[in-house]
Amino acid sequence: MMPKDNRTMREIDCSAFLEIDLCALADNYNSISEYVKPSLCAATIKANAYGLGLEAVSKTIYDAGCRSFFVSDLDEGIRLRENLTSPDITIYILNGLMPHSIEYYKKYNLTPVIGSLEELDEYRVFDKQNIYPIAIHFDTGFSRLGFDITLASKISEYKLNISLIMSHIASAEEKLSEMPENQLDQFLQICKIFNNPKSSIANSAALIRNKSFHLDMVRPGISLYGGYENLQSKLQVKPVVKLYAPIIQIKKIKKGATIGYGAIYKATHDKAIALVSIGYADGIPRSLSSSNDEMGGQFYYEGQPTPILGRVSMDIVAIDISDIPYNTINRGNFIEIIGSNQNIDNLSENADTISYEILTRLNSRIRKIYKYA
Ligand SMILES: *Cc1c(COP(=O)(O)O)cnc(C)c1O
């Protein structure tokens with residue numbers, strides 16, 4: 001069967017596609033905005049908006065009211081500025097000030113999130129009058145980006161043009177950990193030292209965890225794209241993506257036959273299998289492979305689970321369709337990889353990874369189909 005809502009599909013429809021529901025995306029932005037009020041809701045759209053496409057995603061979220069965007073590097077910042085030309089947006093570059101590139105931050109009006117003295121020195125040489133706004137990142141326990149908190153007083157004395165001070169939570173999704181609250185406490189101490197700039201500490205998990213993390217601005221990424229849908233929380237987000245791939249061949253195999261590379265799966269009885277046109281080259285993790293000793297992941301056909309058999313290969317995955325009535329499944333039919341039976345959180349759990357990795361690694365070979373209504 002074709003997927004139910006195939007209105008947006010091309011006429012010749014014979015390869016894997018990712019359907020991106022821009023209405024659900026806008027709804028998620030609105031739900032989060034509403035949930036965090038009076039805090040502002042920014043959007044984190046690094047890594048090509050988590051693989052969903054920077055242009056379509058940023059435009060949709062802008063139209064929903066978002067005016068602050070976080071990307072990771074200069075290239076993404078320039079790409080965003082060139083695509084979303086409204087002058088009223090602020091673009092933060094999370095990875096800070098790249099060496100010898102300060103002219104570009106100015107030219108494209110990009111706000112670096114500065115987190116080291118080297119970056120700050122370079123910036124101050126360039127901007128002696130403190131005209132261009134910057135964001136300052138403090139490390140409250142991540143040991144990744146950000147100034148040591150002991151430098152806060154010194155930095156506050158520089159009289160910089162700071163539009164945002166921020167920190168990042170390491171483990172906001174760990175319900176039992178006290179670390180997020182410790183990080184927040186440290187950050188609130190720093191906020192007192194700086195009296196006027198806006199403050200921000202919350203990613204998706206932190207903003208869901210507790211309202212105390214909302215501060216002036218939250219910066220969700222994955223929850224905009226449908227992550228944490230399973231979490232029991234007052235904030236409910238909608239799924240945004242569906243991933244389908246077509247069957248290229250259906251065949252019967254005999255008990256004892258092995259399937260795929262490494263021959264790690266041997267059929268325990270006669271089986272019907274389907275070969276699906278998608279693989280690790282598209283971003284389907286090899287960790288979804290199965291052997292006789294270890295269960296792997298599964299795809300779905302018309303609501304029925306179809307377990308993966310053997311290794312995921314570059315362009316093909318074999319699935320077990322023995323339980324699906326003969327003649328109700330055919331070559332050319334589409335198999336659900338992400339959809340109403342398996343969301344990005346479920347799939348990533350089966351693959352021993354996180355939804356972020358699944359989304360950002362879906363390859364450009366997969367057609368993106370944007371759904372507007
Ligand atoms: C990626 C990122 C975010 C967004 O995180 P999600 O978990 O996707 O909500 C927020 N802040 C920083 C600093 C990030 O790097």
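**The ligand and its pocket**

Colleague: How many residues line the largest pocket, and which of them lie nearest its centre?

Modeller: This is a predicted model, in which local features need pLDDT of at least 70 and side-chain atom pairs count only at pLDDT 80 or more, while totals for linings use all residues. Residues are numbered from 1 along each chain, and side-chain values use heavy atoms, without hydrogens and water. On a 1 Å grid over the protein atoms alone, a pocket is an open set of points where a 1.4 Å probe fits, with protein on both sides within 12 Å along at least five of seven lines, and lining residues have an atom within 4 Å of a point. The lining numbers 32 residues, and nearest the centre are Asn203, Ile222, Tyr228, Ile354 and Tyr356.

Colleague: Where does the ligand sit, and which residues come nearest to it?

Modeller: The ligand sits in the largest pocket, a placement that requires more than half of its atoms to lie within 2 Å of the grid points. Of the 14 residues around the ligand (a heavy atom within 4 Å), those that come nearest are Lys46, Tyr50, Ser204, Ile222 and Tyr356.

Colleague: Which residue has a polar side-chain atom 2.8 Å from a nitrogen atom of the ligand?

Modeller: Polar contacts here are pairs of N or O atoms within 3.5 Å. For oxygen atoms of the ligand, Tyr50 offers a polar side-chain atom at 2.5 Å, and Gly221 a polar backbone atom at 2.8 Å. The residue whose polar side-chain atom lies 2.8 Å from a ligand nitrogen is Arg219.

Technical notes: Polar contact = N/O pair within 3.5 Å; in protein donor to acceptor, adjacent residues only side chain to side chain.
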